[in-house]
Amino acid sequence: MVNDASASARVDALAGAVLGQPGQPDDRPDPRFGGLRYVLNKVPGALAFLGGCPPHLDPDSAPPNHSNRVQFDESAMSDGVAVYAAMALDALR
């Protein structure tokens with residue numbers, strides 16, 4: 001899966017505007033979400049992750065999202081809702 005460079009830059013800019021800080025792009029060497037790549041082959045877009053790993057865990061070794069051992073820093077959810085709403089409003093302009 002490959003993000004569209006323009007869409008990725010727009011998501012980063014919107015996240016920075018909403019959160020008051022630049023986003024933290026994380027180019028993963030091992031792409032995931034194979035099903036989403038079919039959508040991105042037809043429509044330019046970008047996958048954006050919401051960092052919700054608790055501060056006491058290392059994101060590289062923490063249990064993954066679909067694990068029964070996953071832990072979330074729920075304070076990240078309000079930031080995520082704000083950024084995703086900004087992305088939707090931006091797309092509707």
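**Figure 1. Helix H1 in the predicted model, residues 5-19.** H1 has 15 residues. From its first C-alpha to its last, the helix reaches 21 Å, close to the 21 Å expected at 1.5 Å a residue. H1 belongs to a protein with 3 helices and 0 strands, and the pattern along the sequence is α-α-α.

**Figure 2. The two ends of H1.** At the N-terminal end, aspartate 4 acts as the cap of H1. A side-chain oxygen of aspartate 4 lies 3.3 Å from the backbone nitrogen of serine 6. At the other end, glycine 20 comes just after H1 and takes a positive phi of about 75°.

**Figure 3. The buried residues of H1.** These are Ala7, Val11, Leu14, Ala15 and Gly16. An α-helix has 3.6 residues a turn, so residues three or four places apart point the same way. The buried residues of H1 pack against helix H3, which covers residues 76-92. In the protein as a whole, buried residues make up 18% of the 93 residues. Of the contacts between residues at least 6 apart in sequence, 60% join residues at least 24 apart.

**Figure 4. The second largest pocket and its lining.** Rolling a probe the size of a water molecule over the atoms shows where empty space is left. The second largest pocket holds about 160 Å³ of space. Its lining consists of Ala7, Arg10, Val11, Leu14, Gly45, Ala46, Met87, Asp90 and Ala91. H1 and H3 are the elements that give two or more residues to this lining. The most comes from H1, with 4 residues. By residue class, the lining divides into 6 nonpolar, 1 polar and 2 charged. Among the residues of the lining, Ala7, Val11 and Leu14 are also listed as buried residues of H1.

**Figure 5. Aspartate 90 in helix H3.** Aspartate 90 is one of the residues that line the second largest pocket. Its relative accessibility is 19%, and aspartate 90 therefore counts as buried, because the cut-off for buried is under 20%. Leaving out residues up to four places away in sequence, aspartate 90 touches Arg10 and Leu14. Both Arg10 and Leu14 also appear in the lining of the second largest pocket, and Leu14 is one of the buried residues of H1.

Key
Residues are numbered from 1 along each chain as its sequence is written. This is a predicted model: local features need pLDDT of at least 70, side-chain atom pairs count only at pLDDT 80 or more; totals for chains, interfaces and linings use all residues. Side-chain values use heavy atoms; hydrogens and water are left out. The expected span of a helix is 1.5 Å times one less than its number of residues. Buried means under 20% relative accessible area, exposed over 50%, partly exposed in between (1.4 Å probe, protein chains only). Contact means heavy atoms within 4.5 Å. A polar contact is a pair of N or O atoms within 3.5 Å; within protein, one must be able to donate a hydrogen and the other to accept it, and residues adjacent in sequence count only if both atoms are side-chain atoms. On a 1 Å grid over the protein atoms alone, a cavity is a set of points where a 1.4 Å probe fits but cannot get out, and a pocket is an open set with protein on both sides within 12 Å along at least five of seven lines; lining residues have an atom within 4 Å of a point. Grid points are joined across faces, edges and corners, and a volume is the space filled by probe spheres set on the points. Ala, Val, Leu, Ile, Met, Phe, Trp, Tyr, Cys and Pro count as nonpolar, Asp, Glu, Lys and Arg as charged, and the others, Gly among them, as polar.
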